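Dear colleague,

I am passing on to you the structure that follows, together with some notes on what turned up when I went through it. Please have the sequence and the model open while you read.

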Amino acid sequence: MTDTVPEPGPGRTRQNRIYRDGVLGRRPAIPTDFAALEKAARRRMSRRAWAYVAGGAGAGTTMDANRAAFDRHRIVPRLLRDVSRRDLSVELFGRRIPAPVLFAPVGAAELVHPEADVAIAEAAAELGVPYIFSNQGCAPMEDAAAAKDRAAGPGGAPHWFQLYWSTDEQLVDSLIGRAERSGADALVVTLDTTMLGWRPQDLNIGSLPFARGEGIAQYTSDPRFVRIVKDRVRAAAGSKADVEVTWGAVRSLIAMSRRYPGALAANLRSPEPRAAVETFLDIYSRPSLSWEDIATLRGRTRLPVLLKGVLHPDDARRAMDEGLDGIIVSNHGGRQVDGAIGSLDALEVIAPVVDGRAAVLLDSGVRGGADVFKALALGADAVTVGRPHLYGLALGGRDGARDAVANIIAEFDLTLGLAGLTSVGEVARDSLS
C-alpha cells in the first residue's frame, strides 16, 4: 500500500508559484509583506485616496494600538506533529468557507480604482471567501452580486451586506430588502459611525468623497432614496440655490453628475445630482440609534444579524441578550476615535463573554497570516481584512485585491502548520505565550 501525497495547501502552493516565477526572472506584482504593499500603494494612489484609506482619527494612536496589541502576543510552535494535511475552512451561518478571512467593507473605494466594489467582489469570489458589501459602495449591490456570481466557481461564493442605519426608516427597510434579494448571507450593522470621526488627513485637504457623489451608489440606486431626492427637488422648485461658484464647485458638480444614474449631459442640467448628495449627507446615519432600534431587526429581516464596532464586554453581553447572531470586534480601523482600545485587546475580554453563543469576528489591524492566527487563538471565528485588499486593488485591480488577501491566507496556512496544528479548531489560547 502506497501513501498518497498530501495536497500542499494554499501556503506552499502560492509560495512555490512565486519561487518558480522567480527562476524565470518574474517577481510578484503584489508585494507579499504589508510594509512593501503599503509603500507601493501609496506611490500609486492619489492624495485624496491615500488620505481617505490610510488616514485615521486624530493623531492615529488607535491604529498604533491595533498593531501594538498584535505585537504583544507571541505564537508558541509545537514540534513533531504530522501537519502534512491542514484544513483552514470554517463554517459561518450554515456555509463553509475555505479560510477564516473576509473582505471588509470599505466605502468610496472608487478613489482607489474605477471598478471598485465590482472588482473586489470578483476578487473575493475567486478565493471563495465573503466580501461584506459596503453601504457606502460605488456600485449598486445588485451589480456587485452579479459580478461575484460570474467570478465564483461551481460552489458559488457568499457575500454579506453592511448597513448604515439611515434617519429614514423606509430607506433602512429598502436596503435590507435589496440585500436579501441580492443573496446576502448576513446583515452587518455598523454602529461606530453614526457620526464621522475627526480625520485630519481628509480635513487638511477638505476632502469628503461623499460630498462629490463618490461612495453613494447604494443610495442613488435605491427607489426609496430616489423618491426622497425627487421630493426635495420639487420642494425647492422656484427657489434660488445658494451656491458659491468656484472652479472647485464646478469640478464637484461634474463629479456628482458623472456618478448619478443617467447621461452626464442631462445630469449637468438637472438639480437631482446635487440634491442627492445633499440628501445623503442629511440622512445617511442616525446618531440616536439605540438598542430598541436594533431589537426591531428580527421583524425586518430573515438574515443573520451581526453588530460591527463592539469594543466593550457589556455591549457584547447586551448583544447576546438581544439574540444577535454575531458581533464584529472593531474600532473601524482606527478611523473613528483617537486613543481607543486596540481591537485585539478588546477581543481578548469579549470572546469569553460570548462564549460560543454567537459568531465573533475580529476587524482592524490584520496585516498578515500570523495576525489571523493570533485572532483565532484569542477567540475569533474569523477576521476581516480592509486596507490590504484596497492596497492590492490600487496596484492591480481585481487581481491585486485577490492576491493581497491570498497572500494573507497563504501565510496563515504555513503559520498554522509550523505552529504544529492542522485545523482552525485546534487554534486556542495556549497557542500563544
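The notes below deal with salt bridges, a surface patch, a cavity and one histidine, in that order.

Please keep in mind throughout that this is a predicted model.

Salt bridges

The structure holds 35 salt bridges, and I describe a few of them here. One of these is formed by the side chains of Arg86 and Asp413, with a distance of 2.6 Å from N to O. This pair links distant parts of the chain, since Arg86 sits in the loop between helix H4 (61–71) and strand S1 (90–92), whereas Asp413 belongs to helix H18 (residues 387–418), 327 residues apart. As for their surroundings, Arg86 counts as partly exposed at 22% relative accessibility, while Asp413 has a relative accessibility of 1% and therefore counts as buried, the cut-off for that class being under 20%.

Another salt bridge joins the side chains of Glu214 and Arg259, at 3.4 Å from N to O. Here too distant parts of the chain are linked: Glu214 is in the loop between helix H8 (200–203) and helix H9 (217–220), and Arg259 is in helix H11, 45 residues apart. Glu214 is buried, with a relative accessible area of 3%, and Arg259 is partly exposed, with a relative accessible area of 28%.

A further salt bridge lies within a helix, where Asp231 is paired with Arg234 and the closest N and O atoms are 2.2 Å apart. Because the two residues are 3 residues apart in helix H10 (residues 223–236), Asp231 and Arg234 are separated by about one helical turn. Asp231 is partly exposed, at a relative accessible area of 41%, and Arg234 counts as exposed, at 56% relative accessibility. Elsewhere, salt bridges that share partners join Arg14, Glu122, Glu126, Arg398, Asp399, Arg402 and Asp403 into one network.

A nonpolar patch on the surface

On the surface you will find a nonpolar patch formed by Val245, Trp247, Val250, Leu253, Ile254, Leu264 and Leu268, which together have about 640 Å² of accessible area. Helix H11 (247–259) and helix H12 (264–269) each supply at least two residues of this patch, and the largest share, 4 residues, comes from H11. Among the patch residues, Leu253 lies in helix H11 and is partly exposed, with a relative accessible area of 30%. Helix H11 thus appears twice in these notes, as it also carries Arg259, the partner of Glu214 described above.

A cavity

How many cavities of 30 Å³ or more are there? The count comes to 1, and the largest cavity has a volume of about 60 Å³. Its lining is made up of Ile294, Ala295, Leu297, Arg298, Val305, Glu322, Gly323 and Leu324. Sorted by class, the lining of the largest cavity has 5 nonpolar, 1 polar and 2 charged residues.

A histidine in a loop

Finally, is His113 buried or exposed? His113 has its place in the loop between strand S3 (101–103) and helix H5 (116–127), and at 17% relative accessibility His113 counts as buried, because the class takes in values under 20%. The C-alpha atoms of His113 and Ala266 are separated by 25 Å, the two residues being 153 residues apart along the chain.

With kind regards

Conventions: Residues are numbered from 1 along each chain as its sequence is written. This is a predicted model: local features need pLDDT of at least 70, side-chain atom pairs count only at pLDDT 80 or more; totals for chains, interfaces and linings use all residues. Side-chain values use heavy atoms; hydrogens and water are left out. Patches are made of residues with over 30% relative accessible area and no salt bridge: like charges are joined within 9 Å, nonpolar side chains (Val, Leu, Ile, Met, Phe, Trp, Tyr) within 5 Å. Accessible areas come from the Shrake-Rupley method with a 1.4 Å probe; for residues, only the protein chains shown count as cover. A salt bridge is a side-chain nitrogen of Lys or Arg within 4 Å of a carboxyl oxygen of Asp or Glu. Buried means under 20% relative accessible area, exposed over 50%, partly exposed in between (1.4 Å probe, protein chains only). On a 1 Å grid over the protein atoms alone, a cavity is a set of points where a 1.4 Å probe fits but cannot get out, and a pocket is an open set with protein on both sides within 12 Å along at least five of seven lines; lining residues have an atom within 4 Å of a point. Grid points are joined across faces, edges and corners, and a volume is the space filled by probe spheres set on the points. Ala, Val, Leu, Ile, Met, Phe, Trp, Tyr, Cys and Pro count as nonpolar, Asp, Glu, Lys and Arg as charged, and the others, Gly among them, as polar.
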